[in-house]
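User: I would like a close look at how the helices pack in this model. Please add the aromatic pairs as well, and keep it brisk.

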Amino acid sequence: MTPKKVLALCREKDVKAVDMRFMDFPGLWQHFTIPASALDEDVFEDGLGFDGSSIRGWQAINESDMLVVPQPETATLDPFTELPTLSMICNIQDPITREDYSRDPRNVARKAVNYLKTTGVGDTCYIGAESEFFVFDDVRFEQKPNGGFYHIDSIEGEWNRGRDEKPNLGYKLRYKEGYFPVPPADQMMNLRNEMMQTMIDCGLVVECQHHEVGTAGQSEIDLKYSDLVHMADDMMMFKYIVKNVAARHGKTVTFMPKPVFGDNGSGMHTHVSIWKGEEPMFAGSGYAGLSQTAMYAIGGLLRHAPALCAFTNPTTNSYKRLVPGFEAPVNLAYSQRNRSAAVRIPMYSASPKAKRLEFRCPDPSCNPYLSFSAILMAALDGIQNKIDPGEPLDKDIYDLSPEELKDVPTTPASLEGALAALREDHEFLLRGDVFTPDVIDTWIWYKSEREVDAMRLRPHPYEFCMYYDI
């Protein structure tokens, strides 16, 4: 899509408004809208000004002027607005120097891909992301100096088996038994179909949709793999569509990793492969059909996994999913087929083109631009420095004895631990000016002050259950 074609599309579809979207630092889409009459070819070159100091983790107030530069290849007709609206994802630039902004997450992803090309390892990084989420019927939460609570509800929740629903039809999914039941037990089928079709209508390539393991509406919709930047763009449209289709039906969606106590959390298993031209660089004749390049990439992922978690699992809630002894992949090992390993080699196909690594730690609370970029940089570090991943662990890690398990390293136990790991281990991210020191320092500061400290300072409701009568 070129600027001329975007303008022609606006005329063809009688577009009345154009929505400019970009990613803030932590990972939420932001936007503003202009009338379609204000869009011309100059906007694609000159950009539009906005106040960068009002965006989380961005500019100081004395240097607030920034530019959004719409990218025509991302143009999409918005399926939810009443007024015919076309949306475009934008890059962020400094209005004086016209340099791409270092803290624009999309810029980080673009630089990661460019760095890959300079290494000679490959020219394309393909990413496939499997995002899980919960669909709830009601959510209420509050935090005040004198009180705090949350309450979620779902028509599917096992806790509602005894509720008077006039009538209660009894199809409540038992905890950890939500994987693949057919309707009427799966009460989200029609909703997910609508989400899937809306994604297709917006140009996303969907592979499948299904109910996930958790009770209370846990779901998954898988997109076909794409190049790194494109997949990050698609994940933002994915979230936008899922949330808005649910809202259209009076439901709400969360990508929080662990909203339900005692049941499975939501992950975002991330598949990665590197290609050079038409050659898949991870395919070979070694373990699980992998090349030596792929083995070194595994070594990089495992060595840097604690620091990676600061980006791939970036919330305090993330570490209520990444808990030892449950199904989350906290053990830093690799294996073919084994879903209890942090790095899995899928074995669905013998084709060299299908050979890839699945990094299972990430969750959908992450900023996909930063998460995918960090994963690529860790894999490249492993390849460049020939990091040996050791022997595979082709056992159910959760059945290992304490003696066998003591030598298997694990992910950090908290966001604070992940940020500490990033503080000590981030040189591999700085190569090629992909993650600048400014990005690393701001990320650690923002997450520490706005999230880690904010959570640490507040009493937790369960503390009253445990300690009130002391």
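Analyst: What follows goes through the helix contacts, then the aromatic rings, then one strand residue. The model is predicted.

Start with helix α7. Two helix pairs described here involve α7, residues 368-384: one with α3, one with α6.

Take α3 and α7. Helix α3 spans residues 105-119. The axes of α3 and α7 come within 8 Å and cross at roughly 20°. That angle is under 35 degrees, so α3 runs roughly parallel to α7. The crossing of α3 and α7 is left-handed. On the α3 side, the contact uses Pro105, Arg106, Val108, Ala109, Ala112, Tyr115, Leu116 and Thr119. On the α7 side, the partners are Tyr369, Leu370, Ser373, Leu376, Met377, Leu380 and Gln384. By class, the contact of α3 with α7 has eleven nonpolar, three polar and one charged residues.

Now α6 and α7. Their axes lie 6 Å apart, and the packing angle is about 140°. That makes α6 oblique to α7. The crossing of α6 and α7 is right-handed. From α6, the contact takes Thr293, Tyr296, Ala297, Gly300, Leu301, His304, Leu308, Phe311 and Thr312. From α7 come Leu370, Ser371, Ala374, Ile375, Ala378, Ala379, Asp381, Gly382 and Ile383. The classes of the contact of α6 with α7 are eleven nonpolar, six polar and one charged. Leu370 of α7 meets α3 and also takes part in the contact with α6.

Next, α4 and α5. Helix α4 covers residues 189-201, and helix α5 covers residues 228-248. These helices pack at an angle of about 135°, with axes 9 Å apart. That makes α4 oblique to α5. The crossing of α4 with α5 is right-handed. Leu191, Glu194, Met195, Thr198 and Met199 of α4 make the contact with Phe238, Ile241, Val242, Val245, Ala246 and Arg248 of α5. The contact of α4 with α5 counts eight nonpolar, one polar and two charged residues.

On to the rings. The model has 19 aromatic pairs. In one of them, the rings of Phe22 and Trp58 have centres 5.8 Å apart and planes at 25°, so the pair is stacked. Phe22 sits in strand β1, residues 17-23. Trp58 sits in the loop between β3 (48-51) and β4 (65-70). The pair links distant parts of the chain, 36 residues apart. Both Phe22 and Trp58 are buried. Phe22 and Trp58 also join Phe50 and Tyr101 in one aromatic cluster.

A second pair has another geometry. The rings of Tyr287 and Tyr334 have centres 5.7 Å apart and planes at 85°, so the pair is edge-to-face. Tyr287 lies in the loop between β15 (279-280) and α6 (292-312). Tyr334 lies in strand β16, residues 334-336. Their separation along the chain is 47 residues. Tyr287 counts as partly exposed, at 21% relative accessibility. Tyr334 counts as buried, at 2%.

Last, Leu67. Leu67 is found in strand β4. Leu67 is buried, with a relative accessible area of 10%. Setting aside residues up to four places away in sequence, Leu67 touches Asp46, Gly47, Leu48, Gly49, Phe50, Asn91, Ile92, Gln93, Asp94, Pro95 and Arg98. Among these, Phe50 belongs to the aromatic cluster with Phe22, Trp58 and Tyr101. Leu67 and Asp201 are 134 residues apart in sequence, and their C-alpha atoms are 30 Å apart in space.

How values were computed
Residues are numbered from 1 along each chain as its sequence is written. This is a predicted model: local features need pLDDT of at least 70, side-chain atom pairs count only at pLDDT 80 or more; totals for chains, interfaces and linings use all residues. Side-chain values use heavy atoms; hydrogens and water are left out. Axes are lines fitted to C-alpha atoms, for helices over the stretch in contact, and angles run from 0 to 180 degrees between N-to-C directions. Helices (H or I, at least four residues) and strands (E, at least two) are DSSP runs, numbered from the N terminus. Angles under 35 degrees count as roughly parallel, over 145 as roughly antiparallel, 65 to 115 as roughly perpendicular and the rest as oblique. A crossing is left-handed if the near helix is turned anticlockwise from the far one by less than a right angle, and right-handed if clockwise. Contact means heavy atoms within 4.5 Å. Ala, Val, Leu, Ile, Met, Phe, Trp, Tyr, Cys and Pro count as nonpolar, Asp, Glu, Lys and Arg as charged, and the others, Gly among them, as polar. Rings of Phe, Tyr and Trp (its six-membered ring) pair if their centres lie within 6.5 Å; planes under 30 degrees apart count as stacked, over 60 as edge-to-face and the rest as tilted. Buried means under 20% relative accessible area, exposed over 50%, partly exposed in between (1.4 Å probe, protein chains only).
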